[in-house]
Structures are given as structure tokens and as C-alpha cells.
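Colleague: I'm new to this structure and would like a close look at one part of it. Could you pick a strand, walk me through its surroundings, and then show me how the rest is laid out?

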Amino acid sequence: MSEGYVVRNLRVCVGDHVIVEDISFTLSPGEIVALAGASGAGKSMSAMTPFGLSAGVASGSARLDGIDMVGLPERELSRIRAEKVGFVFQQPLTALTPHRTVGQHLHEAATQAGGAKPTTDVMVAMLDAVGLSRPEERLAQYPHRLSGGERQRVLIAAALAHGPRYLVADEPVSALDAALRGEIMALLVRLCRERGMAMLLVSHDLAGIEHHADRLLLLDSGKVAESGSAKQIASSPATDYGRRLMAATPRLSEPLSPLPETGEVLLEVEGAHVHFPKPGWRRGRLDAVLDASLTLAKGETLALVGGSGSGKSTLGRAIAGLGPMASGTVRWQGELLPPRQRRSAEHRGLIQPVFQDPLASLDPRWTIADIIGEPLRWLAPDAERHRPAQDLLEEVGLPRDFASRKPASLSGGQAQRVAIARALSANPEMLLLDEATSALDPLVADGVVSLFGRLQRERGLSMLFITHDLALARRTAHRIAVMEAGRIVECGSREELFANPQAEATKRLIAASG
Amino acid sequence: MGRLIARRLLTAIPTLLAIIVLSFVLMRVAPGGPFDGERPLAPEVRAALEAAYGLDKSLPEQVWLYLTRLAQGDFGPSMVYRDFTVSGLIAEALPVSLLIGGCALLLASVLGISAGLWAALRAGKWQDEVLMLGATLLTALPTFVTGPLLALIFGLWLGWLPVSGQNDGGSWLVLPGVALGLPVTGAVAKLARAGLAGELGADHIRAARARGIAPLTILRRHALRPALVPVASYLGPAAAALLTGAVVIETVFGLPGLGRYFVQGALNRDYPLVLGVVTLYAGLIILFNLFADLIYGWLDPRMREG
């Protein structure tokens, strides 16, 4: 019996659509093979369909230890999964059954292939091995008590509980906080190496996997665009697609590209505090932003970087007048900007937001022209609104005839460009970009980032760039402010910050992104 | 758990008070009174009656009087059924309503949930379509249609079951119970189906499938409890409504339940009777919502907090 997982000429269809065409690869025992590529390239489909865990139908062959899984009935596939493979999914928040405790999950996982019932000590050891703190307490906890990172550790422990030879990890870290991604990925790789497991890794984040995988397959529209050793593809991709993917992925090691000159200071924020009442009956408040001060010059990009919950979005919203601010001042060219409701239309026009989820921020019933024209609604009569909308579409790199379409017909990247055009139609001096590229595919995100660069050069826009991605901040921002637990712990030019990081939070972020 | 119950019972007191006071005032604002008949009463008789029932006092005084009596468990005398207390009327009628409602509830939960789950497991197939069509029909058919229809078929044509009144065995319960329960059964079936069908596509089910767990075990262990949350939230208030009497069913099957007092009390402006029934109904609603919340907590531990 030949060991390993051998996929030959795999083809996956969903209904009449061919999602994956003619993919072949081999996963030898103990090896880590990564499937990477833009979204919609068929990565997850190729990984999951042979195991019967997707809506697709596979043809070709996929031999696991000599047994061809293509065409096997669900009963047999189920047995193969239970005995030989562990799975880790993208969504740790929802992949655990809400009414079952951590211990019950581990118990089920350990006995799935008919193994012995695990004792408490064994289960504690499992949690310990995935680096979960206080493992004894965790066994009796329900999943909603755990954070995303903790849940992913539990899922990894469950995936390993029956001692599988193979691990299939579908975007195992992309739903996690930036600071955690590197850590969890390293944990997965270490466990594979220690236990001699082979891992099939699906990820869109090339920077996150290129050091870990032995071999890499770049998928493009359901086909293999390039494959080979991960090191070689990362350093010198052979195909145009590979080169574009590599260039689109920001890295801390890349040389700094020049940014446009900046002018005089426009925005000054001093001592901003934001707090929310604590939910529930008990009184108390949750300090989201504490004593935050920053400045932004004309044509400058300031990146606000931090983990989730660090207060970066809350601060951004307070500055733009979209969220509450308990105390502190926001000045624009020396003039005091009142807090949210009392801000005049002109003041609101100065700072325009672009949000993370482009489709959620566009009204699905409106045409693109109406969406873009909304800020102009009472500045210009109806007939005149159409032309600026089309000009703006052109400025953000979309065809003029998009004006009559509705948001549902747009891709994520196109929708984000429409959201940018809407922000521009108010003729702002500054854009608030709240994770504006993090929901997008790497290639698309890179296009949107270059659009921001062009807009900054052409319009002299100032930008507050909120992101969790330090490498992206380094690529796009003149200065970087690092936030942790509601405070700005460090702020400096991108050169200084990386040459000589001061705050612990900065050092941790740099280490996690490296 | 204990704290949740205590807190909910404490917040129930102001809710109940508000309901009672509001019903009291609304009823007085409505034109007419308990002693308005075809033939007007002599003014002296009317004044004597009003004094006897305390109707000559100011409205706040009356409310206060009613509440102090209620606190001692006294719903007061009926103003229309002379010589009967409201407590007496309710004590006589409530068991009948509880029995019919209980039957209906049992039918709705057992048949409704099993039909819904069965349909969800065959989602998209013809069995599912047929069952859901049936469930929609059941919810759409009013009890004044199904009640007489069932009586006609099983009582008059087939002669299997009694169609009117009570008898010594339990057979008198079947037709009214079924007629009352059918619309709720349909609604429960639809909710259970939607709940489970949605749950079966959830990430944690895929994760369990990835572990190679047997389909039936996945259903029992991972899918069932979250799938029943919408059913629980619907059945709580529905149970209160079923148990406190259904005037249509009681009329069709000639049963002395609570429902008719609700209607007749309101028509006759029998203030204490209506208030008594409203208070009972409100109390049951609050109680069953608490039950529903406790069941939620069991179904989904996330609901145990806050």
C-alpha cells in the first residue's frame, strides 16, 4: 500500500459549473503542501471535495494511502475522515457546537475512530499541547466563553485528538487577529513536524505560509498556475500570476517605496476619550479609547495599527464624527470640530469614510449613480448629478456605464471602488479608511491600495488608514501609530518605527508580522 | 439559574400591575356598564347596586380597592352572574380549558416537532414539499372550520368520538384538543423544519461531519438543540394562549371553559370577571415566557447569561 495523498487530474463541479480543473499534486507523509491563490481560485474546493466536505462533485482520482476517495460512498468517506484525517476550518467562532463543552468536543474527537475514552488528564494534555492556558478549567467551559484564538486552539486539539496522519487546514488563521495568526500557524506547523503529520494547507495569505510550506501550488481560476518548492516560488516566481501575487503581498522585508510629499498640518486630535456603558445591569463603563492624540498633515497617510479591540476603529469614528467622543478636541486647520451630531454638513464633507465590507455599506436597492450622488443630493439638482457620478467612476477605475447598475452585480473590489467614489463625491480633504482592504482578495486589495496612492498624489488627500496589517501600513503610510488597549502606545515615521521600536506592543506586532 | 428565575418573577410584579391597572381603566373608559340592560333600572336600584359593588367611588379608589383584594387572592364577585365569585367561576372553568389546551399543546409539540424534523432531513425532496404544504394549510385553516369538520367526520359520520359536552372517560377531549392544536402543530412544524434545515448547514455540523461522526449522532448530539430554539420561543406564549381557553372551540363543542367568560364578561361589562381572566392570562403568559427562557438556556448555553 502506497503511503501519502496523491491527487491526479482532479476536477470539481458544482452543478454545471466547473470550479476546479485538472489539478494534480502529491502530499508525502510528513510534508506540508499549501494551496494558495486569489479568492475563487478553487483552493478550498480542491482540498475539501475529495473528502466529501463540500457541495462539489469530484472526478479524477484522489488516493489516500492507496484508496481512491473519488466516487466512494459517504459512509466509507466518513470512516476515512474519522480514522486518518484531522480538519481545521476557517471559522473558529462557529465550528464548535454551542451547547457542548470543550471537554465533550475533545471526548468525541478522541473516540471518533473507535479509540479509548480519554481521561481528564489526557484531555488536559491535549489542550496543553496546543498552548491553551489553564487547560483544567477549559474542559467544562462552553465555546462562547473562549476567544477566537482559544477556540481555534481547541479545534486544533480536537483535530489531532485521534492521532491522524493527515491534517487538512482550510484558511486556519485568516479569521483570527493579526497578532495571533503567526502564532497559530507556527503551532500547526510545529505539531505537524513533531508528530510526523502531513498537512494540506489552504491559504490566501502568501506571506503567512511561504516560510512554513514545503511545497506550494498557486491556483488561478481552478487551474494550477505554478507549483514547486515554496522557497523558490516566494523568491522568484516563474509565472506572471505568481509575480503579481507575490508583489501584492506586503512584507516587512521589502524595500520602502517612495510616498508623496506632505504639507502643513490639517488635523489635530488631542486627548480623545471614548467610553461605552457596559452591557448588562451592572453600572460601569468600557474605556475604548484613552487619551489619544494625533496629527495629520495635508497629503499624509497615518496608519492606526493594532490588534482587534485595541480601539483603532473607535478612535477613527470619533475623529470623523461618526461615533461618540466623551472628551478631547478635534481641530481642522485650527478650527474646532464639534462632536458628531452637531457637526455641520461642510465639516462632515471634510472627512469621508470607507469601510471594511464594501457590499454591506452600499444600499442594495440603489443604483450606483444614486449611491455616488447621495452626498451631492442637495449640492446639485438631479440632472447635473449624473455626470459627476460617471466622472468619479472613471477616477476610481470603473467603466462609466456602471452608473446604472446595482451593488449586487459588483465584485468585492468593484463595490469598494464605488464606496471610494461615494466618499470622493463629497469632495473631502481626508479619507478615513477603516480596514478598507482587509475583506478583499490580495490582488484586488493591492489594486485598491494603489488607487489610494494615486488619489493622494492627484488630490492631495490626507488619509487615516486603520489596519491590523503592519506590513501593509509600512507600505502605504508616512507615519504609523500603534494602539493597544485604547491607548496610542507609539507613533513615528515608518523608518523610525521599524528601526527602533519602543513599545512592547510594537515589538510584538513586528515579531508577529515577520 | 435560581437568580434568573427570581429576577424574572420580581420583574413580573410591575408588569402584572401595569396590565391590571390598564385593563381596569380601559374597561371603564368604554361606554356601557354591567347594569345597562334593555330596560333601564330604576335610579334608586341602580345607585344601590353601584354602591354595593363600589362603583360609586372614584376610579383610583376602585383600582386601589381591587388591588388590595387581589393581593389577598380575592378576585371579587361577578357583577353579572349574581351570587358567584369570579374565583369560583374560574375554578370551575379553568380545569376544562387546561385539559383541552394541554391536549392541543401535546399534539402541537410532539407531532409538530417530529414532522418538522422529518421534513428538514428531506429538505428539497417531495416529502418535504408535501409536509410543508400541509403545515401551511393547517396554520391557515381557522378552528371554526376544522372544529365542525372534525366533529362531522369523526363524531357524526364515523361515530367514533363524542362531539359535545363532557363524559366520564377522556374521549370527549380528543376532538376539541385536536381541533385547537392543529394550527399550532402546523406552525411548530414549519419552525422546527426551518430551524433544523438552517442548523444542518452550519459550520459546527460540517466540523462534526469532518470527524466522521454518524449522521444520526450528529443530528441528536449537535443539531437538535440549536434547531429547537425558534420552536421554544414560539411555544411559550402559544402555550399560555392555548391553556386559557379558546372561545370558538368551547362553543363548537359545547364545553364550559374559560374562553366564553372572556367574551361574555367583556360584552356584559362584568368588570371583575374580565379583570380576573386578564390577570390569569397575563400571569400565565409571564410564567410560560419564563419557561421558554429556561428551555432556551438548556438549548443554548449562550442564553444563560445576561
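**A strand and its surroundings**

Modeller: Let's start with strand E3 of chain A, residues 32-37: six of its six residues are buried, so the strand is largely enclosed by the rest of the structure. Keep in mind that this is a predicted model. Look at the two faces of E3(A) and you'll find both covered. On one side sit A:Ile32, A:Ala34 and A:Ala36, on the other A:Val33, A:Leu35 and A:Gly37, and they are all buried.

Now for the strands that pair with E3(A). One partner is strand E8 of chain A, residues 198-203, which runs parallel to E3(A) and is joined to it by five bridges. If you want a spot to zoom in on, find A:Ala34, which stands opposite A:Leu201 in E8(A). Another partner is strand E9 of chain A, residues 215-220; here too the pairing with E3(A) is in the parallel sense, over five bridges. A:Gly37 has A:Leu219 in E9(A) as its bridge partner.

Let's zoom out to the domains. Chain A is divided into domain 1, covering 5-248, and domain 2, covering 265-513. Taken over C-alpha atoms, the centres of these two domains of chain A are 34 Å apart. Where they touch, domain 1 of chain A puts in twelve residues and domain 2 of chain A puts in twelve residues. On the domain 1 side of that contact, helix H7 (178-195) and helix H10 (240-248) of chain A each supply at least two residues. H7(A) has the largest share of that side, with four residues. By type, the domain 1 side splits into six nonpolar, three polar and three charged residues.

For a single residue to click on, try A:Leu424 in helix H15 of chain A, residues 412-425. A:Leu424 counts as buried because it has 22 C-beta neighbours inside 10 Å, where 20 or more is the cut-off. Leaving out residues up to four places away in sequence, A:Leu424 touches A:Leu392 and A:Glu395. A:Leu461 is 37 residues away from A:Leu424 in sequence, and their C-alpha atoms are 9.9 Å apart in space.

Last stop, the other chain. In the contact between chains A and B, 20 residues of chain A meet 18 residues of chain B. Helix H2 (74-84) and helix H3 (102-110) of chain A are the elements that give two or more residues to the chain A side. H2(A) gives the most, with four residues. That side of chain A divides into nine nonpolar, eight polar and three charged residues.

Terms used
Residues numbered from 1 in each chain as written. Chains lettered and ligands numbered in written order. Predicted model: local features only at pLDDT ≥ 70, side-chain atom pairs only at ≥ 80, totals over all residues. Buried ≥ 20, exposed ≤ 12 C-beta atoms within 10 Å, placed from the backbone. Contact = placed C-beta atoms within 7 Å. Nonpolar A, V, L, I, M, F, W, Y, C, P; charged D, E, K, R; others polar. Domains from an automatic or database assignment. Pairing = 2+ DSSP bridges.
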